[in-house]
Amino acid sequence: MTIHAQALLFDNDGTLVSSLESVQRCWTRWAVEYGITAEEFGRTELHGRPAVEIAADLLPARVVPEAVARIEDLEVEDVPNGGAVLLPGTRDLLDALPAERWAVVTSATRRLAEARLAAAGILPKTLVAADDITRGKPDPEPYLLAARTLGVDPAHCVVFEDAPAGLQAGRAAGMTTVALATTHQAHELTADLVVKDLSALSALVTDAGVEISVRP
């Protein structure tokens, strides 16, 4: 299978880098600090959603701004402790792409995203973070903003995601979706293509854009 695109849009956590252990460490500590029960915390979907939405699900509105600032501090401070581990295939795929052909689209704040990306040695020319949008994934706004920034029709963009919320956002934006089974099982993911991680893919840059193929 070959997918033709003019721009590639990558989620970060769980797609380019793994931050699962850091997320669990930091959010568990955060939940204890704010008196959130294990049962309440266990019912909340953390992955692929902006921190402000998660905090709003769990805390009174008056506490949310302070709580969001606290979790950002905890996660940024945890980056040097293995908070961003490069996932298989990330380096090879990104190195094959011109800087103007790809972007990172993350639910993390810009400060946290830049810290994790820098730790993994990834320096995107275009980054869309939680600070840049008013509605996070699964709303299509983040991916539509990335396409607009790159100057590419959404129909010619490919979204790479590991989370159902992000894949839903990509579909809602009218983009081709590629799911990575890095944090969810393949049968839990709905996409045009499902692979284990980016190491299953290769990229060929042409005059017309980029051809993404599944490695034999």
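1. Strand S1 (residues 2-5) and strand S11 (residues 209-214) run antiparallel and are joined by four bridges. Strands here are DSSP runs of E with at least two residues, helices are runs of H or I with at least four, and both are numbered from the N terminus. Two strands are taken to pair if DSSP finds at least two bridges between them. One bridge to look for links Ile3 with its partner Ile212 in S11.

2. A word on the model before going on: it is predicted, with local features needing pLDDT of at least 70 and side-chain atom pairs counting only at pLDDT 80 or more, while totals for chains, interfaces and linings use all residues. Residues are numbered from 1 along each chain as its sequence is written, and side-chain values use heavy atoms, with hydrogens and water left out.

3. S1 belongs to an open sheet of three strands, ordered S1-S11-S10 with antiparallel pairing. S1 and strand S10 (201-206) are the edge strands, each pairing on one side only. Neighbouring strands in this sheet are turned by 20 degrees against each other on average, direction ignored. S10 and S11 run antiparallel and are joined by six bridges; Thr206 stands opposite Gly209 in S11.

4. Which side chains of S1 point to the buried face? They are Ile3 and Ala5, whereas Thr2 and His4 point to the other face and are not buried. Buried means under 20% relative accessible area, exposed means over 50%, and partly exposed lies in between (1.4 Å probe, protein chains only). In a regular strand the side chains alternate between the two faces of the sheet.

5. Now to another sheet, also open, with six strands in the order S6-S5-S2-S7-S8-S9 and parallel pairing. Strand S6 (127-128) and strand S9 (193-195) are at the edges with a single partner strand each, so one side of each has no neighbour in the sheet. S6 pairs with strand S5 (residues 102-105) in the parallel sense over two bridges, and Leu127 in S6 is the bridge partner of Val104.

6. Helix H7 (residues 141-150) lies across strand S2 (7-10), S5, S6 and strand S7 (157-161), and runs at about 140 degrees to S2. Axes are lines fitted to C-alpha atoms, for helices over the stretch in contact, and angles run from 0 to 180 degrees between N-to-C directions. H7 is mostly covered, with seven of its 10 residues buried; among them are Tyr143, Leu145 and Leu150. The buried residues pack against S2, S5, S6, S7 and helix H8 (164-172), where contact means heavy atoms within 4.5 Å.

7. Two backbone details flank H7. Pro138, in the loop between S6 and H7, follows a cis peptide bond from Lys137, with omega near 15 degrees. Just after H7, Gly151 has a positive phi of about 75 degrees. Most residues other than glycine have a negative phi, and most peptide bonds are trans.

8. How do the axes of helix H3 (residues 51-58) and helix H4 (residues 64-78) cross, and what is the angle? They come within 9 Å and cross at roughly 130 degrees, so H3 and H4 are oblique to each other. (Angles under 35 degrees count as roughly parallel, over 145 as roughly antiparallel, 65 to 115 as roughly perpendicular and the rest as oblique.) Ala51, Val52, Ala55 and Ala56 of H3 make the contact with Val64, Val68 and Ile71 of H4. By class, this contact has seven nonpolar, no polar and no charged residues. Ala, Val, Leu, Ile, Met, Phe, Trp, Tyr, Cys and Pro count as nonpolar, Asp, Glu, Lys and Arg as charged, and the others, Gly among them, as polar.

9. H4 also meets helix H6 (residues 110-119): their axes come within 9 Å and cross at roughly 10 degrees, and the two helices are therefore roughly parallel. Glu72, Asp73, Glu75 and Val76 in H4 meet Arg111, Leu112 and Arg116 in H6. The classes here are two nonpolar, no polar and five charged residues.

10. Finally, two buried residues are worth a look. Asn12, in the loop between S2 and strand S3 (17-18), is buried at a relative accessible area of 0%; the residues it touches include Val104, Ala113 and Arg116. Thr177, in strand S8 (residues 176-180), counts as buried at 1% relative accessibility, and Val159, Leu167 and Leu193 are among the residues Thr177 touches.

Definitions and conventions:
Lists of a residue's contacts leave out its neighbours within four places in sequence.
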